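Me: Please take one part of this model and go through it closely, residue by residue where there is something to say. I would like a single connected account rather than a list.

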Amino acid sequence: MSANPKITAIHNKLVSDYIAVTRAEHAAWLDERKAAMERMEERRRQALKYILKNKEK
């Protein structure tokens, strides 16, 4: 049984679009995680500075 070329083309386009959207969403999620990790690291640095500064007193 041969596949209908029009249906195959539509299917391939839908799969391609789905993969593109999934990759874009994943990239956005990774960017959000990276930004959150950077904020957390900065808060950790600030807390360490505060602790060391107050330790001297």
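Reply: A residue counts as buried under 20% relative accessible area, as exposed over 50%, and as partly exposed in between. D17 has a relative accessible area of 34%, so it falls in the partly exposed class. The model is a predicted one, and D17 is a convenient place to enter it, since this residue lies in helix 1. Helix 1 is the part examined here.

The chain contains 1 helix and 0 strands. Its radius of gyration is 25 Å, well over the 10 Å that the globule rule gives for 57 residues, so the chain is more spread out than a compact globule. Along the principal axes, the C-alpha atoms fill a box of roughly 85 × 15 × 5 Å. Of the 57 residues, 2% count as buried. The chain exposes about 5,700 Å², and carbon and sulfur atoms supply 63% of that area.

Helix 1 itself covers residues 5–55. With 51 residues, helix 1 reaches 74 Å from its first C-alpha to its last, which is close to the 75 Å expected at 1.5 Å a residue. At the N-terminal end, N4 caps the helix, with a side-chain oxygen 2.9 Å from the backbone nitrogen of K6.

Pairs of residues set far apart in sequence give a further view of the extent. D17 and I51 are 34 residues apart in sequence, and their C-alpha atoms are 51 Å apart in space. For M40 and N12, 28 residues apart in sequence, the C-alpha separation is 42 Å. R45 and L14 are 31 residues apart along the chain, with 46 Å between their C-alpha atoms. M40 is placed in helix 1; its relative accessible area is 47%, so M40 is partly exposed.

Next come the charged side chains. How many salt bridges does a search of the whole structure find? There are 4. One of them joins D17 to K13, where the closest N and O atoms are 2.8 Å apart. Both residues belong to helix 1 and are 4 residues apart, about one turn of the helix. The spacing has a simple background. An α-helix has 3.6 residues a turn, so residues three or four places apart point the same way. K13, like its partner, is partly exposed, because its relative accessible area is 49%.

Further along the helix, R45 takes part in two of the pairings described here, one with E41 and one with E42. In the pair with E42, the closest N and O atoms are 2.8 Å apart, and R45 and E42 both lie in helix 1 at a spacing of 3 residues, about one turn. In the pair with E41, the closest N and O atoms are 4.0 Å apart. A salt bridge calls for a side-chain nitrogen of Lys or Arg within 4 Å of a carboxyl oxygen of Asp or Glu, and the value for E41 and R45 is given as 4.0 Å. E41 and R45 are 4 residues apart in helix 1, so they are separated by about one helical turn.

These contacts belong to a wider set: E41, E42, R44 and R45 are linked in a network of salt bridges. Three members of the network can be placed by accessibility. R45 counts as partly exposed because its relative accessibility is 41%. E42 is partly exposed as well, because its relative accessible area is 34%. E41 comes out at 30% relative accessibility and therefore also counts as partly exposed.

Where does helix 1 show a nonpolar surface patch, and which residues make it? V15, Y18 and I19 make a patch of about 290 Å². V15 lies in helix 1 and is partly exposed, because its relative accessible area is 35%. Patch members must have over 30% relative accessible area and no salt bridge, and the 35% of V15 is therefore enough on the first count.

To draw this together: helix 1 spans residues 5–55 and has N4 as the cap at its N-terminal end. The helix holds the D17 and K13 salt bridge, and E41, E42, R44 and R45 form a network of salt bridges. V15, Y18 and I19 supply a nonpolar surface patch.

Key: Residues numbered from 1 in each chain as written. Predicted model: local features only at pLDDT ≥ 70, side-chain atom pairs only at ≥ 80, totals over all residues. Heavy atoms only, no water. Patch = residues over 30% accessible without salt bridge, like charges linked within 9 Å, V, L, I, M, F, W, Y side chains within 5 Å. Areas by Shrake-Rupley, 256 points an atom, 1.4 Å probe, with all protein chains shown as cover. Helix = DSSP H or I, 4+ residues; strand = E, 2+ residues; numbered from the N terminus. Buried < 20%, exposed > 50% of the residue type's maximum accessible area, 1.4 Å probe, protein only. Expected span 1.5 Å × (residues − 1). Polar contact = N/O pair within 3.5 Å; in protein donor to acceptor, adjacent residues only side chain to side chain. Rg over C-alpha atoms; globule rule 2.2 N^0.38 Å.
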